[in-house]
Amino acid sequence: MAAISVFDVIGPNMIGPSSSHTAGAAAIALLTRKLMDGHITSVRFTLYGSFAETYRGHGTDKALLGGILGYTADDVRIRSSMENAEKEGLAYEFVMNSEEKTKHPNTVDIELQNDAGRTLSVRGESVGGGKIRLVRINRIEVDFTGEYSSLIVSHEDHPGVIAYITKCLADHKVNIAFMKLYREAKGQKAYTIVEADEKIQQTIIDEIGKNQYVRRTMLVQV
């Protein structure tokens with residue numbers, strides 16, 4: 001039997017009525033925001049399952065938008081996230097998809113665009129008690145919680161890239177807690193996700209980016 005902590009019972013500190021539909025939604029959007037550099041100009045949320053059914057009553061829409069604005073689940077500004085988005089010039093759209101069946105009922109797709117025209121597409125799941133995971137980044141299936149300081153490297157699936165990434169981390173004495181490779185297919189686009197026990201410094205990111213097969217690096221600090 002899995003251990004249950006007091007936080008699983010009482011839930012997280014949050015604004016809103018539901019740890020899954022409010023706190024979890026805000027956490028998904030905030031983690032997605034951390035993966036995108038620059039100023040976000042537009043966002044589209046596609047909601048599935050119970051997210052789509054109860055999003056207004058449980059404040060899922062405000063929580064998602066608040067996360068994109070950088071608000072944590074307990075930030076009172078979530079209540080005014082729509083007004084604040086308009087003040088910041090952030091265009092947003094909510095789409096309900098009641099036809100497609102997803103693996104988890106609390107699922108959302110988030111599509112972002114920044115002021116440089118760069119786009120990012122993420123699928124997230126709110127799994128209960130305010131806990132979340134990202135299960136897709138730009139059409140590639142992943143499994144990522146954001147609970148650790150994390151490095152996401154977009155690269156070509158080419159021999160030696162993983163060894164190069166781990167060497168850069170080892171040279172800077174970063175201890176890897178978890179690491180996994182996700183790819184479209186052999187030799188195609190891939191993501192390596194590294195979750196570390198300490199913060200990952202920008203100098204490491206710059207060094208990894210020098211590899212000819214690395215296309216982009218994303219950093220989430222905890």
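The paragraphs below lead through a predicted model, beginning with its six-stranded sheet and going on to a hairpin, salt bridges and nonpolar cores.

Strands of a sheet pair through backbone hydrogen bonds, and the pairing may be parallel or antiparallel. Here six strands form an open sheet with mixed pairing, and their order across the sheet is β2-β1-β3-β4-β5-β6. The two edges are taken by β2, which covers residues 91-97, and by β6, residues 140-144, each of which pairs on one side only. On average, and with direction ignored, neighbouring strands of this sheet are turned by 20 degrees against each other. At the β2 side, strand β1, made of residues 40-48, runs parallel to β2, and seven bridges are found between the two; L47 has M96 in β2 as its bridge partner. Helix α4, residues 60-68, packs on the sheet and touches β1, β2 and β3, the last of these being residues 106-114, while the direction of the helix makes about 145 degrees with that of β1.

Another pair of strands can be followed further along the chain. Strand β8, residues 176-183, and strand β9, residues 189-196, run antiparallel and are joined by seven bridges, with M179 standing opposite V194 in β9. Five residues lie between the strands of this hairpin, and G187 takes a positive phi near 80 degrees.

Side chains of opposite charge can pair when their charged atoms come close. The model has twelve salt bridges in total, and among them is the one in which the side chains of D37 and R118 meet, at 3.1 Å from N to O. This pair links parts of the chain that are 81 residues apart, since D37 sits in the loop between α2 (19-34) and β1, and R118 in the loop between β3 and β4 (119-128). Both partners are partly exposed, D37 with a relative accessible area of 40% and R118 with one of 36%. R216 also belongs to this picture, as D37, R118 and R216 are linked in a network of salt bridges.

What ties R44 to a part of the chain 49 residues apart in sequence? R44 forms a salt bridge with E93, with 3.3 Å between the closest N and O atoms, and because R44 lies in strand β1 and E93 in strand β2, the pair ties these two parts together. R44 counts as partly exposed at 33% relative accessibility, and E93 likewise counts as partly exposed at 39%. A further salt bridge joins the side chains of E156 and R215, at 2.2 Å from N to O, and it links strand β7, residues 149-156, to strand β10, residues 214-220, across 59 residues of the chain. E156 is partly exposed with a relative accessible area of 30%, and R215 is partly exposed with one of 48%.

In soluble globular proteins, nonpolar side chains tend to be buried together. The largest nonpolar core in this model has 42 residues, of which L35, F45, I68, I110 and I152 touch the most other members, and its largest share, six residues, comes from α2. If residues up to four places away in sequence are not counted, F45 touches L64, L65, I68, E93, F94, V95, V108, D109 and I110. A second core, separate from this one, consists of 15 residues, including V153, I200, I208 and Y213.

Technical notes: Residues are numbered from 1 along each chain as its sequence is written. This is a predicted model: local features need pLDDT of at least 70, side-chain atom pairs count only at pLDDT 80 or more; totals for chains, interfaces and linings use all residues. Side-chain values use heavy atoms; hydrogens and water are left out. Two strands pair if DSSP finds at least two bridges between them. Helices (H or I, at least four residues) and strands (E, at least two) are DSSP runs, numbered from the N terminus. Axes are lines fitted to C-alpha atoms, for helices over the stretch in contact, and angles run from 0 to 180 degrees between N-to-C directions. Contact means heavy atoms within 4.5 Å. A salt bridge is a side-chain nitrogen of Lys or Arg within 4 Å of a carboxyl oxygen of Asp or Glu. Buried means under 20% relative accessible area, exposed over 50%, partly exposed in between (1.4 Å probe, protein chains only). A nonpolar core is a set of buried Ala, Val, Leu, Ile, Met, Phe, Trp, Tyr and Cys residues joined through side-chain atoms within 4.5 Å.
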